[in-house]
Amino acid sequence: MKQAPLPLPDCRAGAGAGVEIMLTAKYKTGLVFFPAFDWAISPTHPEREERLLYTQDQVIEEGLFDIEGITEFKPDLVTPQDIERVHFCVPDVWGVTTESHLISAGGAKTIGMAVLEEKIEKGFALVRPPGHHAMRMVHGARGFCNINIEAIMIEFLRAEYGIDRVAIVDTDCHHGDGTQDIYWHDPDTLFISIHQDGRTLYPGSGFINETGGPNASGTTVNIPLPPMTSEEGFIHAIKHMVLPILDEFEPDIVINSAGQDNHYTDPITHMNFSAQGYAELTNLLRADIAVLEGGYSIEGALPYVNVGIILAMAGLDYSRVREPRYDPDRIRQTPDITAYIEKLGKKVLEFWGQREKIKSQLRGTKEFVERTRNIFYDTDNIIEKQKETIRVCDDCAGAIRMDSSADRGAHILGLHVPIKACRKCKEVARQWYESGRKDAFDMVFLQDRTEDKYERSER
Amino acid sequence: MIIGLDVGGTHTDVALLGDEGLVREIKVPTDPSDLFHTILTGLEKITEGISPGEIHRAVLSTTLTTNAIVQGKTPPVGMIVSGGPGIDPEHFRTNEHYFPVSGSIDHRGREVEPVDADEVRNAAVTLQKQGIRNVGIVGKFSSRNPDHELKIHDMISTSFGKMFMGHQISGNLNFPRRIATTYLNATVHSIHKNFFEAVKRSLEEKGLSVPIHILKADGGTMSFDSSIDFPGQSILSGPAASVMGAIAFAPDGEDCLVLDIGGTTTDIALLINRVPVLEPMGIRLGKYKTLIRSLKTRSIGIGGDSLIRVKGRELEIGPDRMGPAMAYGGPSPTPTDAFFVLGKGKEGDKARSLQGIASVAAALDMTPEAAATKILDQTCQNILAEAQEMTDRINSKPVYTVHELQEGYQVRPKTILVLGGPAPHFARRLEELSGMRVGVVPRWHVANAIGAALARTTCEVTLFADTQQEIAASPEENFREMVDRHFSKEKAVKKAYELLRKKVLQTGGSTDDLDMEITEALEFNMVQGFHTTGRNIRVKVQVKPGLIYETDAVAEKLLAGI
């Protein structure tokens, strides 16, 4: 039976908003939280069931999901097509993914959709496993990653919502070499990676002279910071390198690959960043979407870093968020590091400023530009030999041909037609595809982004 | 025999149930300014001519604490809150006498920063000067380690009356809700205690010495004695009473919607295999989001007396109510008047209904009969749309494992049970529009009182273990034990069941009525530097809401004599 009519219409269980709440998000913020409590690479691997357990405890105990304007979403799953839009999966999508990967990428997709449908202003996909080491060609797992969850989200958003210019700022401690590979030739995607110097950490790449291919020179930006960089250095990199470049690029949307392994307690890196620093970075960057990448100090860092990031995204006060026994003086970077980073910043901007010049140097008079690489899949212990050819093009991002063989035996040809491909590049890719099918490849893939069609033929 | 009593906005319903089924039912008018009188009248009337010895239980669902909170008529209490780093606890301020103090415990229950005794004593001195008697003490992560709450309690316990500690209120995480819940318990304590002691005394004076139980928002009961320590559990029990009254008639093994259609509002609830769906975190009352277990109900502003307006060419029904239907002397047309126009009403002034509906019909440019049909349809459609949205929301609740995401249960109700005054009129149209089976709950006019009478005692136990720290604990149950590295999830579940059994018997349940189940059981290897250092185990068990007798037997008895 109904109880006495109450003066407040909203006081019943399940009633909607409209009542007085003390904490309200300045920006409507959406979260997908998917800790995959039943999935691990192996029982004692850093990428294991326990990874987000204490983060969940902290987020729930702080009551973040109860804050007015913060909403939790259930992740969607990505489809094979969503993955094929980005990757050449060898032998196929099912061969290189588990359900957890489909959900993790799906979580990013859910957030992307919610932002573009304006259900939320900011979104954070707190999902695992991560994805930023997964390149276009996928023979297995590298750096705990099988498929690139940001790229899958971005290409889905391009296909479904027609967004064009995208900026990705990767703040994971490891160079986002997978994302860099996928967008190396795309002039409409600005990829900026801030990471521990590749001379001192996996995957050993991400130097400042890596600035993109002959059609997209400049839209890859690498900021390799020295070990022991702390808050000051990171904030300097954001303020004096990332933000000016973003301003000039004018993206439709900004994505943060929000790795949390720059933390001073992370067991597999050597940086001195903090929860306060991450929150401040988030606040300065103002990304529309953040996607969790690495971060393996699961007790001492992640719970606090994530609370800081969520509060900063929502435009709420994060000044009191800190780790137990946090002491900024103890982790403060040396003056040498400060000076080094200031110099580095000037060089990064110099490269950015000279991107047109670098572009013409890369092209010369060539119609096609080639690069040959060996790619190591550390997680699955695979070595891939890859020859990549791009058609130099002024009208689009250029057709790409990838000739790839892994030591497991498969010899693959992958062909990519960019989303805004010109007729000529489309034709070239078609020809490559047809002639490749007659050659000695085990499999030939065609990614035709113009028609959102993905073909694969097997010998 | 058992008495069930449910205080409603206008009427208080009372039912007397015996072995043969429903023995007697009455309604007495509710006097919101004198609930004591209302309840005593109800209890006296229902027991007239019955020998007191025959009554062994009375379950009361009242609006006492709910109204006191909503109307802000609760006495001042003190709150001492220890948060440590994180969101400023000022944001969670519940009342004037609210004192954040130092101290911090981390997510694994380890002390990070001690409590500052001077701060606590200063707060206590201020509270005493302000004449505060009862105090709530809440720490962040106290449900992992209650040490700081206990320390604060011991520092000041001699200076105050009743004290409530957060870790005793709930085993769940959520610091802001723990603060709100502890505050509500502290602030309604004296109202609740004084009221029911007075009820008990008066009954005893009349020779009616019946054990009193209180209905909770989760559709379960607790004994009056145990409710003294958890008075907050008595808030918002009204919707639960109705749902429990419907349970006996819900189909076995499938999902079912329950619609309690009243004059102003309709409450929607969901049953899965005759067990109501619960709120995942806890109920919300006004600005207070709490950790109080409750049924998931959705209340919408549409009912038999909803005001009907025409805006442009569009019909609007509710959410406000101007008064009763015009057929009963009300000022403006309502869905109930539409029933009169369609020839379904009895004992009212049909001419006035027609007059009201005719004005609506004129604005819509149709006949009064067509307008009445449209009103009925739209009312039903609005209710069904809200029910669908509630179902969708339950189905889109986030889950945290791959298994649950793939195999998670999806609610698909095929049956609707309706109760409440206008329910029988709506039933057929709801069936036609929804394509679901629609049943009117037998004895619907007192189903809520019957529900209260037959609800079993429910409770929940949360236990966690950390074999690296060598502890298993359930702070809420005042349980903490040393364990070795062999302690497992299975052992944790067994221990949790043991604690649950003890708790339910202490709070008014009986051994032949323990429908216990596991609601959560997680076990994680804790790894440091590539070595397993221990296991982190979390277990939750509950006595699920249900009826004290076998459901089919209850249904049969209640149907007898209809």
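## A pair of facing residues

Let's start with two residues that face each other: Glu523(B) stands opposite Ile537(B), which sits in strand 27 of chain B. Keep in mind that this model is predicted.

The strands around this spot are worth following along the chain. Strand 26 of chain B pairs with strand 27 (residues 531-543) of chain B in the antiparallel sense, and twelve bridges join the two. As a general reminder, strands of a sheet pair through backbone hydrogen bonds, and the pairing can be parallel or antiparallel.

## The sheet in chain B

Now zoom out a little. Strands 26 and 27 belong to an open sheet of five strands in chain B, with the order 25-24-23-27-26 and antiparallel pairing. Which strands are at the edges? They are strand 25 (479-482) and strand 26 (516-528) of chain B, and each of them pairs on one side only. On average, neighbouring strands of this sheet are turned by 10° against each other, if direction is ignored.

A helix joins the picture too. Helix 15 of chain B, made of residues 489-506, lies across strand 23 (459-466), strand 24 (471-474), strand 25, strand 26 and strand 27 of chain B. To strand 23 of chain B, helix 15 runs at about 145°.

## Chain A as a whole

Let's move to chain A, which contains 13 helices and 16 strands. Its C-alpha atoms fill a box of roughly 80 × 65 × 45 Å along the principal axes. Why can we call the radius of gyration of chain A what a compact globule would give? With 459 residues, such a globule would have a value near 23 Å, and chain A has 22 Å, which agrees.

Buried or exposed? In chain A, 59% of the 459 residues count as buried. Contacts also reach far along the sequence: among those between residues at least 6 apart in chain A, 73% join residues at least 24 apart.

## Two domains that touch

Chain A is divided into domain 1 (24-356) and domain 2 (365-458). How far apart are the centres of these two domains of chain A? Taken over C-alpha atoms, 27 Å separate them.

The domains also meet: 25 residues of domain 1 of chain A are in contact with 29 residues of domain 2 of chain A. On the domain 1 side, the elements giving two or more residues are helix 2 (80-84) and helix 5 (149-161) of chain A. Sorted by class, that side of domain 1 of chain A has twelve nonpolar, seven polar and six charged residues.

Note on methods. Residues are numbered from 1 along each chain as its sequence is written. Chains are lettered from A and ligands numbered from 1 in the order in which they are written. This is a predicted model: local features need pLDDT of at least 70, side-chain atom pairs count only at pLDDT 80 or more; totals for chains, interfaces and linings use all residues. Helices (H or I, at least four residues) and strands (E, at least two) are DSSP runs, numbered from the N terminus. The radius of gyration is taken over C-alpha atoms; the globule rule is 2.2 Å times the number of residues to the power 0.38. A residue is buried if 20 or more other C-beta atoms lie within 10 Å of its own, exposed if 12 or fewer, and partly exposed in between; C-beta atoms are placed from the backbone. Two residues are in contact if their C-beta atoms, placed from the backbone, lie within 7 Å. Domain bounds come from an automatic or database domain assignment. Ala, Val, Leu, Ile, Met, Phe, Trp, Tyr, Cys and Pro count as nonpolar, Asp, Glu, Lys and Arg as charged, and the others, Gly among them, as polar. Two strands pair if DSSP finds at least two bridges between them. Axes are lines fitted to C-alpha atoms, for helices over the stretch in contact, and angles run from 0 to 180 degrees between N-to-C directions.
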